[in-house]
Structure formats: C-alpha cells, structure tokens
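The following exercises are to be worked with the sequence and the three-dimensional model at hand. Each task is followed by a solution in steps.

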Amino acid sequence: QVQLLESGGGLVQTGGSLRLSCTVSGRTFSSFVVGWFRQAPGKEREFVAGINWSSYITSYADSVKGRFTISRDNGKNAVYLQMNSLKPEDTAVYYCAGGAGTYNYWGQGTQVTASS
C-alpha cells in the first residue's frame, strides 16, 4: 500500500510563489511515478506535472511550463511542486498521486488560491 500526504497550499498574491510537498510512504517500484493534479471549481481534474521515481524524468502541462518545477528528494521520500508566477487561473485543489506506471494512489488535496 502507498500513502501520499500533501502540504504547503495557501493563499498567495498573483505573481507570487508557493511550494507544495508530497510525502510518499509505503512500497514503491522501479516504474513508480508521482504526479500533481489540480481541480478548480466546476472543472475536471487535470494533470499538472509528473516525475518518474527512478529516472527523475519529468513532464508538465503546457499551461505551467516555465513556471512550475517538480522535483524529488530521495532522502525524504518527498516530491515537491515549486510554483512561481502564480495566476488566478492556477487556483484549485492540488492533489498528489502515485502508482506503478499509472496513478492509483491519491492524497487528500491541498487548496491553492492565487488572488489579485
């Protein structure tokens, strides 16, 4: 079983920065991937960024490229999402998810609000 716990959300002014953390516990695999998703009110959940647990290869949604960075801390079993130049349209509940090649396990979510 894998558990993921997010932290770091909050309220920030437009143009500001936040760093989300996702602590991963339990068994991981060579094909394990961790990703960040978000869901805004009235919208479907969308992929934001992902990282391969072993290769550290990353991927991003076009809407966040150049502003968000996903990274992994091996020693702490944690994945981070550094969010810079936040826009009002980034406002959403952000979820950390993981699994062996697909996203089977989900955290509870953390609210991010970028307000002008």
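**Exercise 1. Charged side chains**

Is Arg-67 buried or exposed? Establish this, then trace the salt bridges that connect Arg-67 to other residues.

*Solution.* The model is a predicted one.

Step 1. Arg-67 has a relative accessibility of 11%. The limit for a buried residue is under 20%, so Arg-67 counts as buried.

Step 2. The partner of Arg-67 is Asp-90, and the closest N and O atoms of this salt bridge are 2.8 Å apart. The two residues belong to distant parts of the chain: Arg-67 is in the loop between S6 and S7, Asp-90 is in the loop between S8 and S9, and they are 23 residues apart.

Step 3. Asp-90 is itself buried, with a relative accessible area of 0%. A second salt bridge joins Asp-90 to Arg-38, at 2.9 Å from N to O. Because Arg-38 lies in strand S4 and Asp-90 in the loop between S8 and S9, this pair ties together parts that are 52 residues apart in sequence.

Step 4. Arg-38 also meets Glu-46 in a salt bridge, with an N to O distance of 2.6 Å. Of these two residues, Arg-38 is buried at 6% relative accessible area, whereas Glu-46 is partly exposed at 35%.

Step 5. The shared partners join Arg-38, Glu-46, Arg-67 and Asp-90 into one network. The structure has a count of four salt bridges. As a general principle, side chains of opposite charge can pair when their charged atoms come close.

**Exercise 2. Aromatic rings**

How many aromatic pairs does a search of the whole structure find? Classify the pair of Phe-32 and Trp-53 and the pair of Phe-37 and Phe-47.

*Solution.*

Step 1. The search finds five aromatic pairs.

Step 2. In the pair of Phe-32 and Trp-53, the ring centres are 5.8 Å apart and the planes stand at 85°. An angle over 60 degrees counts as edge-to-face, so this pair is edge-to-face. Phe-32 is in strand S4 and Trp-53 in the loop between S5 and S6, so the pair ties together parts 21 residues apart in sequence. Both Phe-32 and Trp-53 are buried.

Step 3. Phe-37 and Phe-47 are also edge-to-face, with 5.6 Å from centre to centre and 75° between the planes. Since Phe-37 lies in strand S4 and Phe-47 in strand S5, the pair ties together parts that are ten residues apart in sequence. Phe-37 is buried at 11% relative accessibility, while Phe-47 is partly exposed at 28%.

Step 4. Ring pairs place Phe-37 and Phe-47 in a cluster with Tyr-95, Tyr-103 and Trp-106.

Step 5. Charges also sit over rings. Arg-72 lies over the face of Trp-53, at 3.8 Å from the ring centre. The charged end of Arg-19 is placed over the ring of Tyr-80, 4.1 Å from its centre.

**Exercise 3. The nonpolar core**

Which residues have the most contacts inside the largest nonpolar core? State which elements give two or more residues to this core.

*Solution.*

Step 1. The largest nonpolar core contains 28 residues, and those with the most contacts inside it are Trp-36, Leu-81, Met-83 and Tyr-94.

Step 2. Two or more residues each come from strands S1 (2–7), S3 (18–26), S4 (32–39), S5, S7, S8, S9 (92–100) and S11 (110–115). The largest share, four residues, is that of S3.

Step 3. Apart from neighbours within four places in sequence, the contacts of Met-83 include Leu-18, Leu-20, Tyr-94 and Val-112, and also Arg-67. In soluble globular proteins, nonpolar side chains tend to be buried together.

**Exercise 4. Backbone angles**

Where are Tyr-56 and Asn-77 placed? Describe the phi angle of Tyr-56 and that of Asn-77.

*Solution.*

Step 1. Most residues other than glycine have a negative phi.

Step 2. Tyr-56, although not a glycine, has a positive phi of about 65°. Tyr-56 is in the loop between strand S5 (46–52) and strand S6 (58–60), and at 38% relative accessibility counts as partly exposed.

Step 3. Asn-77 has a positive phi near 50°. The position of Asn-77 is in the loop between strand S7 (68–73) and strand S8 (78–83). With 31% relative accessibility, Asn-77 is partly exposed.

Technical notes:
Residues are numbered from 1 along each chain as its sequence is written. This is a predicted model: local features need pLDDT of at least 70, side-chain atom pairs count only at pLDDT 80 or more; totals for chains, interfaces and linings use all residues. Side-chain values use heavy atoms; hydrogens and water are left out. Buried means under 20% relative accessible area, exposed over 50%, partly exposed in between (1.4 Å probe, protein chains only). A nonpolar core is a set of buried Ala, Val, Leu, Ile, Met, Phe, Trp, Tyr and Cys residues joined through side-chain atoms within 4.5 Å. Contact means heavy atoms within 4.5 Å. Rings of Phe, Tyr and Trp (its six-membered ring) pair if their centres lie within 6.5 Å; planes under 30 degrees apart count as stacked, over 60 as edge-to-face and the rest as tilted. A charge sits over a ring if NZ of Lys or CZ of Arg is within 6 Å of the ring centre and within 35 degrees of the ring normal.
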